[in-house]
Amino acid sequence: MRFDLVDLRLFTHVAEAQSITGGAERSNLALASASGRVRAMEERLGVLLFHRGRRGVVLTAAGERLLDHARLIVQQAERLQGDIGSYARGLMGRVRVLSNTAAFSEHLPRALAPFLAANPGVDIELEEKGSADIGQAIASGTADIGIASQAALPEILQTFPFRVDRLVLVVARADPLARRRSMAFAEVARREFVGLPRESALQRHVTAHAAQLGAAMKVRMRVSGFDAICRMAEAQIGVGVVPETAAQRCRRSMGIAMVRLRDPWAERHLTVCVRDLGALPAPARRLVAHLRRDAAP
C-alpha cells in the first residue's frame, strides 16, 4: 500500500478544513485533482475515509486513525528536511501559528516582521482563535505554534512567556468615565458597546464575562479592529474593550481616554506554546527561538 507525501498532506488538509474544496486550496491543488486523489486513497485502502455531505466532509473511524499516522509522517518528513545541512540557512518551510486576538493584532505583526526578513524561505500561516481552542489544537498536533493566554492552556504543553496583555476600557474624552483611572467591568457591563465581530476570540472572551455578571452586552456597532473601536468610542457611539497597547497608540491621535479594568480576567499572560519543541520542524523551532528572544521582560 503506497501513499506519497502529497496525498498525506492533502488528506490532513481536507480533514482540518472539513471540506475537499478547502483542503485542495490549502494544498495548492485543483479541486478535481484533490477529489481524485482522495478517492484513489480510499480505493487503495478499501475503506471510506470521509462521510460526504452538503456542508462538507467528516472523518470516518478509519479516517481518524489514518489522520494520526499522516500527521506524524508529514511532521517527520518536514523535520528530516530541516535537519539536512544544506538547508540550515535559508530553509524552505511553512509554519502554522494560531494566535488569540490581542497577539494577532497588536504584538505579532512587529514580532514576525524581522523573522520573515531574516528567513526568506519560510512562510507563516497565521490564524486567529480563542486561547482554549489554541490549546486543544496544539495538543492534537493541528498547528505548530500557539500564542494564547497561559490560564487557558493544558498543562501538557510546553510554554514560554511572551507578553502581558492588559484589557482596558476606551471612552470618549467627554464621557464622565474619562475621569476614572480604573474600574470594575460590572460598572459598565450594561452600557452600549462598540465591539468586534461575534466570531472574534476577544469578543467572545468579553461577552462571556459579561454573561457571568448577568448582563447581555448591548453592542451598537461591530467593527473589524481595535483602531475602529477607538474611533467609534471617540464619536460616542459606545464604549469599547481593547488591549492597553492599542488604546495607548490610538489616544495619541484620537479624543479618547483609557480606563483600566480591575477584573482579574482583564490581565492575561500571553505565552508561546508547543506540544514538543524538539519534535517541531526546523523552521518552527527557529520561530519559537525568535519569539522567545522578542518576549517582553
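Here are some exercises on a predicted model of one protein chain, each with a worked solution.

**Exercise 1. The whole chain**

Task: Work out how many helices and strands the protein chain has, and what share of its residues count as buried.

Solution:
- Start with the elements: the chain holds ten helices and twelve strands.
- Next, look at burial: 47% of the 297 residues count as buried.
- Now the outside: the accessible surface is about 15,200 Å², and carbon and sulfur atoms account for 51% of that.
- For the overall dimensions, the C-alpha atoms fill a box of roughly 70 × 45 × 35 Å along the principal axes.
- Take contacts between residues at least 6 apart in sequence: 73% of them join residues at least 24 apart.
- Finish with charge: you'll find 42 positive and 30 negative side chains, with the centres of the two sets 4 Å apart.

**Exercise 2. Checking the span of helix 1**

Task: Find what span helix 1 should have at 1.5 Å a residue, and set that beside the spacing of its end C-alpha atoms.

Solution:
- Helix 1 covers residues 5-17, which makes 13 residues.
- The rule multiplies 1.5 Å by one less than the number of residues.
- That gives an expected span of 18 Å for helix 1.
- The end C-alpha atoms are 18 Å apart, so the two values agree.
- Which residues of helix 1 are buried? They are Asp7, Leu8, Leu10, Phe11, Thr12, His13, Val14 and Ala15.
- What caps the N-terminal end of helix 1? Asp4 does, with a side-chain oxygen 3.2 Å from the backbone nitrogen of Val6.

**Exercise 3. Two positive phi angles**

Task: Say where Gln18 sits and what its phi is, then do likewise for Asn28.

Solution:
- Begin with the background: most residues other than glycine have a negative phi.
- Gln18 comes just after helix 1, in the loop that leads to helix 2 (20-26).
- Its phi is near 55°, a positive value in a residue that isn't glycine.
- Asn28 sits in the loop between helix 2 and helix 3 (31-45).
- The phi of Asn28 is near 60°, again positive in a non-glycine residue.
- Is Asn28 buried or exposed? The cut-off for exposed is over 50% relative accessible area. Asn28 has 68%, so this residue is exposed.

**Exercise 4. Arg71 and Ser140**

Task: Trace what Arg71 touches, then follow the trail to Ser140.

Solution:
- Arg71 belongs to helix 4 (residues 61-83).
- Skip residues up to four places away in sequence, and Arg71 touches Thr12, Glu16, Ser140, Gly141 and Thr142.
- With Thr142 there is a polar contact, side chain to side chain, at 3.3 Å.
- Ser140, another residue on that list, lies in helix 6 (residues 131-140).
- Counted the same way, Ser140 touches Arg71 and Arg275.
- The side chain of Ser140 also reaches the backbone oxygen of Ala137 at 3.0 Å.
- Partly exposed lies between 20% and 50% relative accessible area. Ser140 is at 35%, so it is partly exposed.

**Exercise 5. Two buried strand residues**

Task: Decide why Ser99 and Ala172 count as buried, and list what each is in contact with.

Solution:
- The cut-off for buried is under 20% relative accessible area.
- Ser99, in strand 3 (residues 93-99), has 0% relative accessibility and therefore counts as buried.
- Leaving aside neighbours within four places, Ser99 is in contact with Phe104, Leu108, Leu126, Glu127, Glu128, Lys129, Ile134 and Ile147.
- A polar atom of the Ser99 side chain lies 3.0 Å from the backbone nitrogen of Phe104.
- Ala172, in strand 6 (residues 158-172), is at 5% and so counts as buried.
- With close sequence neighbours (within four places) left out, the contacts of Ala172 are Ala178, Ala233, Glu234, Gln236, Gly255 and Ile256.
- Ala172 and Cys230 are 58 residues apart in sequence, while their C-alpha atoms are 8.6 Å apart.

**Exercise 6. A loop residue**

Task: Describe the place of Asp276 and what its side chain reaches.

Solution:
- Asp276 is in the loop between strand 12 (267-274) and helix 10 (282-294).
- Its side chain reaches the backbone nitrogen of Gly278 at 3.2 Å.
- With 39% relative accessibility, Asp276 counts as partly exposed.
- Asp276 and Ala296 are 20 residues apart in sequence and 23 Å apart in space, C-alpha to C-alpha.

Key. Residues are numbered from 1 along each chain as its sequence is written. This is a predicted model: local features need pLDDT of at least 70, side-chain atom pairs count only at pLDDT 80 or more; totals for chains, interfaces and linings use all residues. Side-chain values use heavy atoms; hydrogens and water are left out. Helices (H or I, at least four residues) and strands (E, at least two) are DSSP runs, numbered from the N terminus. A polar contact is a pair of N or O atoms within 3.5 Å; within protein, one must be able to donate a hydrogen and the other to accept it, and residues adjacent in sequence count only if both atoms are side-chain atoms. Contact means heavy atoms within 4.5 Å. Buried means under 20% relative accessible area, exposed over 50%, partly exposed in between (1.4 Å probe, protein chains only). Accessible areas come from the Shrake-Rupley method with a 1.4 Å probe; for residues, only the protein chains shown count as cover. Lys and Arg count as positive and Asp and Glu as negative; His and the chain ends are not counted. The place of a charge is taken as NZ of Lys, CZ of Arg, CG of Asp or CD of Glu.
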